[in-house]
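Visitor: Could we go through this structure together?
Guide: Certainly; here it is.

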Amino acid sequence: TTSASSPFDISKFWLRVPGVGTEAMVEKLEAMKAALRRRFTRKRRLKALRIHIGDAKIGVGVYNTIQEATKGGTVPLEADTLEPLQVESAYVCQDTGSVLTEIKSVFYEYAGSK
């Protein structure tokens with residue numbers, strides 16, 4: 001039991017859990033923590049440097065360890081359904097206001113060519 005004046009002693013709690021206090025278990029936990037950390041950090045090489053010193057050749061990889069997080073672009077949404085809007089273009093007739101499906105091109109001859 002603990003009182004408000006004394007803090008919780010975590011070592012007493014872990015002593016009752018079988019196998020946690022052993023050194024093999026600590027090593028296994030450390031290996032799992034390292035594997036998790038390795039999985040979360042993606043390693044993508046930014047640049048490869050080749051250094052020639054006499055007859056020796058040394059290759060060095062440059063990695064980005066800290067990347068600033070940026071916000072993505074905005075996506076316009078429809079007000080009622082909150083689905084992304086699709087951009088569509090159409091030609092509209094000035095006289096009738098209907099959508100033109102076929103666009104008629106008008107050519108004028110100038111100096112003997114269209």
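**Strand β1 and its surroundings**

Visitor: Is strand β1 buried or in the open?
Guide: This is a predicted model. Strand β1 covers residues 45-53, and of its nine residues the number buried is zero, so the strand lies largely in the open. Here, buried means under 20% relative accessible area.

Visitor: What is the figure for buried residues in the protein chain?
Guide: Buried residues make up 0% of the 114 residues in the protein chain. The protein chain exposes about 12100 Å², and carbon and sulfur atoms supply 56% of that area.

Visitor: Which strand does β1 pair with, and in what sense?
Guide: β1 pairs with strand β2, residues 56-63, in the antiparallel sense, over eight bridges. In β2, A56 is the bridge partner of I53.

Visitor: And what lies between β1 and β2?
Guide: Two residues separate the strands, and β1 and β2 form a hairpin. In the turn, G54 has a positive phi of about 65°.

Visitor: Changing topic, how many helices and strands are there?
Guide: The protein chain has two helices and four strands. Read from the N terminus, the order is α-α-β-β-β-β.

Visitor: What share of the contacts is long in sequence terms, 24 or more positions apart?
Guide: Among contacts in the protein chain with a separation of 6 or more, residues 24 or more positions apart account for 0%.

Visitor: Which elements have the lowest and highest mean pLDDT?
Guide: Helix α1, residues 10-15, has the lowest mean, 62, and β1 the highest, 91. The protein chain averages 79, with 75% of the residues scoring at least 70.

How values were computed: Residues numbered from 1 in each chain as written. Predicted model: local features only at pLDDT ≥ 70, side-chain atom pairs only at ≥ 80, totals over all residues. Heavy atoms only, no water. Buried < 20%, exposed > 50% of the residue type's maximum accessible area, 1.4 Å probe, protein only. Contact = heavy atoms within 4.5 Å. Areas by Shrake-Rupley, 256 points an atom, 1.4 Å probe, with all protein chains shown as cover. Pairing = 2+ DSSP bridges. pLDDT = per-residue confidence, 0-100.
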